[in-house]
Amino acid sequence: MQSRLLTRERKLRLHIPVEDSDCCLCDEQTMETTVHLFEECSWTKSVWQELMKWAGITLSNNGIKQVLECIKVKHWKQFQKEVVAAISGAILYHTWRARNWKKFNRKSVHREEVVTQIKKELIERLYFLSKSKKARNCSFFHSALTMYLV
């Protein structure tokens, strides 16, 4: 992360007044920072764990830079690396989206809804890619397609 997201911590550093500096996604009374929101927040952790379990992948969320580095050095087919990177990106996107929905619309986004949405997006992407040569040559893709599309 390049620390450009306007988290509550960043607003305070920029001397922008905030009413409440706590993370709005979890019940912990912790300042909303980029690190907390995407790595430490119990809401995000549970989304991450559920999706990694669903995908059959063992990979801990130690920060996006470490996750991407770990994906890069894993001895996986390129297609599998792309799928895991897509899941990671979707988690980041949907976490920020849920945070904004809660902050600006005062409505909670349930983890289960986010997990279901990311699964749908990944399945659509896998189905779209099912015709590609890269996917046909990847055993992970075949097992993923069978597991996720059932």
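pLDDT is the predictor's confidence in each residue, on a scale from 0 to 100. That is a useful place to begin, since the model you are looking at is predicted. The protein chain has a mean pLDDT of 84, with 85% of its residues reaching 70 or more. Confidence in the chain is highest in helix α3 (residues 42–55), at a mean of 92, and lowest in helix α8 (residues 139–149), where the mean is 59. You may want to keep that in mind when you look at α8.

Now let's take in the fold as a whole. The protein chain has eight helices and zero strands, and from the N terminus on, its elements run α-α-α-α-α-α-α-α. Of its 150 residues, 41% count as buried.

A good helix to follow next is α5, which covers residues 78–105. With its 28 residues, α5 reaches 39 Å from its first C-alpha to its last, close to the 40 Å expected at 1.5 Å a residue. Just past its end, look for arginine 106, which follows α5 and has a positive phi near 60 degrees.

Helix α5 also takes part in the one aromatic pair that the structure holds. The partners are phenylalanine 38 and tryptophan 96, and their pair is tilted, with 6.5 Å from centre to centre and 35 degrees between the planes. Phenylalanine 38 lies in helix α2 (residues 34–40) and tryptophan 96 in α5, so the pair ties together parts that are 58 residues apart in sequence. Both phenylalanine 38 and tryptophan 96 are buried.

Phenylalanine 38 leads us on to a cavity. There is one cavity of 30 Å³ or more, and about 60 Å³ of space lies in the largest cavity. Its lining is made up of Phe38, Thr44, Trp48, Asn61, Ile64, Ser88, Ile91 and Leu92. The elements giving two or more residues to this lining are α3 and α5, and the largest share, three residues, comes from α5.

Turn next to the largest pocket, which holds about 240 Å³ of space. Its lining residues are Arg8, Lys11, Pro17, Val18, Glu19, Asp20, Cys24, Lys102, Lys103 and Arg106. Here the elements that contribute two or more residues are α1 (8–13) and, once again, α5. You will recognise Arg106 in the lining as the residue with the positive phi that follows α5.

Helix α6 (residues 111–129) offers a clear view of two contrasting sides. Its 19 residues reach 27 Å from the first C-alpha to the last, close to the 27 Å expected at 1.5 Å a residue. The buried residues of α6 are Val114, Val115, Ile118, Leu122 and Leu126. Seen down the axis of α6, these buried residues fall within an arc of 105 degrees, so they line one face of the helix. The face turned away from that buried side carries the exposed residues Glu112, Glu124, Tyr127 and Phe128.

Our last stop is isoleucine 71, found in helix α4 (residues 64–73). Is isoleucine 71 buried or exposed? Its relative accessibility is 5%, so isoleucine 71 counts as buried, the cut-off for buried being under 20%. Twelve residues away along the chain is leucine 59, and the C-alpha atoms of the two residues are separated by 8.6 Å.

Notes: Residues numbered from 1 in each chain as written. Predicted model: local features only at pLDDT ≥ 70, side-chain atom pairs only at ≥ 80, totals over all residues. Heavy atoms only, no water. Helix = DSSP H or I, 4+ residues; strand = E, 2+ residues; numbered from the N terminus. Expected span 1.5 Å × (residues − 1). Phe/Tyr/Trp six-rings, centres within 6.5 Å; stacked < 30°, edge-to-face > 60°. Buried < 20%, exposed > 50% of the residue type's maximum accessible area, 1.4 Å probe, protein only. Arc of directions from axis to C-beta. 1 Å grid on protein atoms, 1.4 Å probe; cavity = no way out; pocket = protein on both sides within 12 Å on 5 of 7 lines; lining within 4 Å. Points joined across faces, edges and corners; volume = space filled by probe spheres on them.
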